[in-house]
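Thanks for coming, everyone. Please have the sequence and the fold open while I talk. I'll go piece by piece.

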Amino acid sequence: MFRHYFPTLADGSLREALKTTALAFLILTVIGFAAVYLFPEAAELLVSFFNDKVESLGMEKLSGMEAAATLFFNNLLASFSAVADGAIPFLYLSAAVLGTNALLLGAFGAMYQQSGLGLWAYLVGILPHGIFELPALIIACTLGLSLCKVGTARLLRREVRCGFLLHLRDCSRFFFVFVLPLLLLAALVEVYLTPVLLSLVL
């Protein structure tokens, strides 16, 4: 069935690409943690950045379902952009999306550690929805990078395993079948479960 609906992704290349992207995300997360742990003055910039982002969403004024919907559509747009960036050849812009999120994830972990709250509190606040949201982000970035690779190869007239439009179709299908449900689950967990768990450790 997978080969029927996603023929250009069924040769094992997607699995290998996902492993590579996930490893890169992990390494960049560690780098982000180390950077802020070693240079704590960078934490002020991160707090300012995060506060501006939260204020732009207006989350504090929203009810449960409204907040979940806002989070879902915000993350959906960001993830879709990571895939759409792949349509631009040569630049591999999806890597910037991956790197930014990984570095921020690690950096905020260091901030929690330095503030005395500890990594445990940070993990409680991140993992419940992160087990859905982070795989969705990694998949979206992997799809974007794969699109860019195929598009670039086609423009350079290199031999590729598939046409760009066919690959775009399969990546789009994969996004809506796998990424979208993960983001929906992540938004619901972040709004309804994460605050409850955080209240137990803070």
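Start with Cys171. Buried or exposed? Cys171 is buried, and its relative accessible area is 0%. This is a predicted model, so every value today is computed from it. Cys171 takes part in no disulfide. The nearest cysteine sulfur belongs to Cys162, and that sulfur is 8.1 Å away.

Now Cys148. Why is there no bond from Cys148 to its closest cysteine sulfur? That sulfur sits in Cys171, 12 Å from the sulfur of Cys148, so the gap is too far for a bond. A disulfide needs the two sulfurs within 2.5 Å. Cys148 is also buried, again with a relative accessible area of 0%. How many disulfides does the structure hold? Zero.

Next, the core. The largest nonpolar core has 40 residues. Seven names stand out for having the most contacts inside this core: Leu9, Phe25, Val36, Leu46, Leu143, Phe174 and Phe175. Which helices supply at least two residues each? Helix 2 (13–38), helix 3 (42–57) and helix 4 (64–84) are among them. So are helix 5 (94–115), helix 6 (118–155) and helix 7 (164–192). Helix 6 gives the largest share, 10 residues.

On to helix 2. Helix 2 has 26 residues. From first C-alpha to last, helix 2 reaches 37 Å, close to the 38 Å expected at 1.5 Å a residue. Which residues of helix 2 are buried? Leu14, Thr21, Phe25, Thr29, Gly32 and Val36. Look at the spacing of those numbers with this rule in mind. An α-helix has 3.6 residues a turn, so residues three or four places apart point the same way.

Stay with Phe25. Set aside residues up to four places away in sequence. Then Phe25 touches Leu98, Asn101, Ala102, Leu105, Leu134, Leu137 and Ile138.

Phe33 is in helix 2 too. Phe33 counts as partly exposed, at 24% relative accessibility. What does Phe33 contact, beyond its neighbours within four places in sequence? Gly106, Ala107, Gly109, Ala110 and Leu119. Compare Leu71: it lies 38 residues from Phe33 along the chain, and their C-alpha atoms are separated by 25 Å.

Now helix 5. Helix 5 has 22 residues. Its span, first C-alpha to last, is 32 Å, close to the 32 Å expected at 1.5 Å a residue. The list of buried residues in helix 5 begins with Ser94, Leu98, Gly99, Ala102, Leu104 and Leu105. Gly106, Ala107, Phe108, Gly109, Ala110 and Met111 are buried there as well. Just after helix 5 comes Gly116, with a positive phi of about 95°.

How does helix 5 sit against helix 6? Two packed helices are described by the angle between their axes and the distance between the axes. Here the angle is about 175°, and the axes of helix 5 and helix 6 are 10 Å apart. Helix 5 and helix 6 are therefore roughly antiparallel to each other. On the helix 5 side, the residues that meet helix 6 include Ser94, Leu98, Leu105, Phe108 and Tyr112. On the helix 6 side, they include Leu119, Tyr122, Ile126, Leu134 and Cys141.

Pick out Leu119, in helix 6. Leu119 is partly exposed, with a relative accessible area of 34%. Leaving out residues up to four places away in sequence, Leu119 touches Phe33, Gly109 and Gln113. Take Leu119 and Gly109. They are 10 residues apart in sequence, and their C-alpha atoms are 6.2 Å apart in space.

Two loop residues next. Where is Phe90? Phe90 is in the loop between helix 4 and helix 5. Its phi is near 75°, a positive value in a residue other than glycine. Phe90 is partly exposed, at 45% relative accessible area. Tyr92 is in the loop between helix 4 and helix 5 too. Tyr92 is not a glycine either, yet its phi is positive, about 50°. Tyr92 is partly exposed, with a relative accessible area of 34%.

Last stop, Asn75, in helix 4. Buried or exposed? Asn75 is buried, with a relative accessible area of 13%. Which residues does Asn75 touch, not counting those up to four places away in sequence? Glu133 and Leu183.

Conventions: Residues numbered from 1 in each chain as written. Predicted model: local features only at pLDDT ≥ 70, side-chain atom pairs only at ≥ 80, totals over all residues. Heavy atoms only, no water. Core = buried A, V, L, I, M, F, W, Y, C linked by side-chain atoms within 4.5 Å. Buried < 20%, exposed > 50% of the residue type's maximum accessible area, 1.4 Å probe, protein only. Helix = DSSP H or I, 4+ residues; strand = E, 2+ residues; numbered from the N terminus. Contact = heavy atoms within 4.5 Å. Expected span 1.5 Å × (residues − 1). Axes fitted to C-alpha atoms, helices over the stretch in contact; angles between N-to-C directions. Parallel < 35°, antiparallel > 145°, perpendicular 65-115°, else oblique.
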